[in-house]
Amino acid sequence: MKVPGRTFRLFVSPRLSFLDLVGGRVKILWVVSVAVLSLSLRTFSCLMLLFGSTLLYGFLAGVVRQHLIVLKYAALLAVPAVVLMFFVTGDLSGVEGIAFRVFARLVVMSSAGVLFALSTSPRELVRSLGWMRVPTVVLFPLTTALRFIPSLLRDLEEVRDALRLRGVNPGLYFAVRHPLWFFRIILVPLTVRSVSIADNLAAAAESRGMGSPAGGSVFPERRDVKYELLGLGAVVVFSVFLICMDRRLGM
Amino acid sequence: MGGGKGARFTTRDLAFIGVVSGVMFVSGFVLSLTHHLFPGGPMLTQGPVYAALAVIAAATVRKAWTLALVGAVVGLLKFLVGCPLFVVLAIVVGFGAADAYVQLIGHRYCCSRCLLPAGGIMSIVTLLVVFLFLVLFELPMMSVVRAHPVVAVGVLVGGTVLGVAGAWVGFRVIKELRRAGIVE
């Protein structure tokens, strides 16, 4: 599936992979379990195993290259943090531990989310959250936000172009010199555009039956319970294994 | 949009909340680069932007629990692109607390008396939850706070002031839009 737009491709996997068969629900469960485990695991080897699971996920989803780019930027950001902590705390012995924890906890957690975003389409995400009984009042804004992001960037560029035509260059220098003006000249046209987009979206959604007592029209979902159970089992077994191993090594 | 405390969200309200959440998410994505630099860093940079946009969303929709809904959507968006779970929880709790304050004083996101404190409450509660997680899970930034506790106090005070300032900017934008007849 080829999708136009650089930003939009962040949220849509360009081709079908093994993880597409597993389904969004199992992927959400995996992201939640990685987030919880990355905070609760105490031993470094178990954290590394958890990180290994994110690498495996990236491989199965076919997004290894994008994952490596994310890791590269995370490492680049971790370096100034560690240097800053060394200067503030003055404790060189703790720097190694801090670097490990920055990498092991935050990067593992962030990797899981980024990989999930790279390998899940908005439609799959919304269906999975719907299955998890997330109310429409949260689901609809969420879908709107995901769909709106590419057009938002376009709108922002148009607002900036309009300002440049009027002799204002809304760059970083202008933002630092006149922060209040910067906010207002960007936010006012952006809000006006947002109101108009909301009107159009609402009209389109209501024409599909949203908000009516009969409910909206939906497309039938393709499900493969066998793969879902396989994925669910793998996540549960791996999580239990990590918790047991962490307790044993931590003793 | 509009319609009172007990009114339900219309499709237009939900679409507008979604659009504003998208704006918040994109701005947060850029500003969260300060995440690794100092404790509560993202909230100092994102706080005013979040407060301004949240105030715009709440004052446009003007229905009970709008801020909490914006917080839930932004939190969910952040979680799905890899933001640490404790930051997501902090955002949801912060927005919820700000909304609870507005409900408690019985306002409808109408004036500066409810919107400006809501911006401050949102920032300070979010920062407090982030610090709570730093302490509970011994996260890396904790070493900075332990070495210089004044950093934590400075971040809390600075974050709150910036939150109120952001809410004030949002309120000014809403006043302009009300005068132009775009928002009720």
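Visitor: Where is A:Val126 found?
Guide: A:Val126 sits in helix α7 of chain A. Helices here are DSSP runs of H or I with at least four residues, strands are runs of E with at least two, and both are numbered from the N terminus. This is a predicted model, in which local features need pLDDT of at least 70, side-chain atom pairs count only at pLDDT 80 or more, and totals for chains, interfaces and linings use all residues. Residues are numbered from 1 along each chain as its sequence is written, chains are lettered from A and ligands numbered from 1 in the order in which they are written, and side-chain values use heavy atoms, with hydrogens and water left out.

Visitor: Thanks! Which residues does A:Val126 touch, not counting residues up to four places away in sequence?
Guide: A:Leu139 and A:Thr143, where contact means heavy atoms within 4.5 Å. From C-alpha to C-alpha, A:Val126 and A:Leu139 are 6.6 Å apart, with their positions 13 residues apart in sequence.

Visitor: And at what angle do the axes of α7 and α8 of chain A cross?
Guide: At roughly 165°, with the axes of α7 (residues 122–131) and α8 (residues 136–165) coming within 11 Å. Axes are lines fitted to C-alpha atoms, for helices over the stretch in contact, and angles run from 0 to 180 degrees between N-to-C directions. That makes α7(A) roughly antiparallel to α8(A); angles over 145 degrees count as roughly antiparallel, under 35 as roughly parallel, 65 to 115 as roughly perpendicular and the rest as oblique.

Visitor: Which residues make that contact?
Guide: On the α7(A) side they are A:Pro122, A:Leu125, A:Val126, A:Leu129 and A:Gly130, and on the α8(A) side A:Leu139, A:Leu142, A:Thr143, A:Leu146 and A:Arg147. By class, the contact has 7 nonpolar, 2 polar and 1 charged. Here Ala, Val, Leu, Ile, Met, Phe, Trp, Tyr, Cys and Pro count as nonpolar, Asp, Glu, Lys and Arg as charged, and the others, Gly among them, as polar.

Visitor: Staying in α8, is A:Thr144 buried or exposed?
Guide: A:Thr144, which lies in helix α8 of chain A, is buried, with a relative accessible area of 5%. Buried means under 20% relative accessible area, exposed over 50%, and partly exposed in between (1.4 Å probe, protein chains only). Leaving out residues up to four places away in sequence, A:Thr144 touches A:Leu201, B:Ala15, B:Gly18 and B:Val19.

Visitor: New topic: how do α3 and α11 of chain A lie, parallel or antiparallel?
Guide: Roughly parallel to each other. The axes of α3 (residues 24–40) and α11 (residues 225–250) come within 9 Å and cross at roughly 5°. Among the residues that meet are A:Trp30 and A:Leu37 in α3(A) and A:Leu232 and A:Val235 in α11(A). This contact divides into 8 nonpolar, 4 polar and 3 charged residues.

Visitor: What about A:Arg42, which residues does it contact beyond its neighbours within four places in sequence?
Guide: A:Arg105 and A:Asp246. A:Arg42 counts as exposed, at 55% relative accessibility. Its C-alpha is separated by 51 Å from that of A:Ala203, which is 161 residues away along the chain.

Visitor: Can you zoom out? How many helices and strands are in each chain?
Guide: Chain A has 11 helices and 0 strands, while chain B has 7 helices and 0 strands. Of the 251 residues in chain A, 43% are buried; for the 184 residues of chain B, the figure is 62%.

Visitor: Which residues in chain B have a positive phi without being glycine?
Guide: B:Trp65 is one of them, with phi near 70°, and B:Tyr109 has a phi of about 50°. B:Trp65 is in the loop between α2 (41–61) and α3 (66–80) of chain B, and is partly exposed at 44% relative accessible area. B:Tyr109 is in the loop between α4 (85–104) and α5 (112–137) of chain B, and is buried at 1%.

Visitor: Last one: how many disulfides are there over all chains?
Guide: The structure holds 0, with a disulfide taken as a pair of cysteine sulfur atoms within 2.5 Å. The sulfur of B:Cys111 is 3.8 Å from the closest cysteine sulfur, in B:Cys110, too far for a bond. B:Cys110 counts as partly exposed, at 28% relative accessibility.
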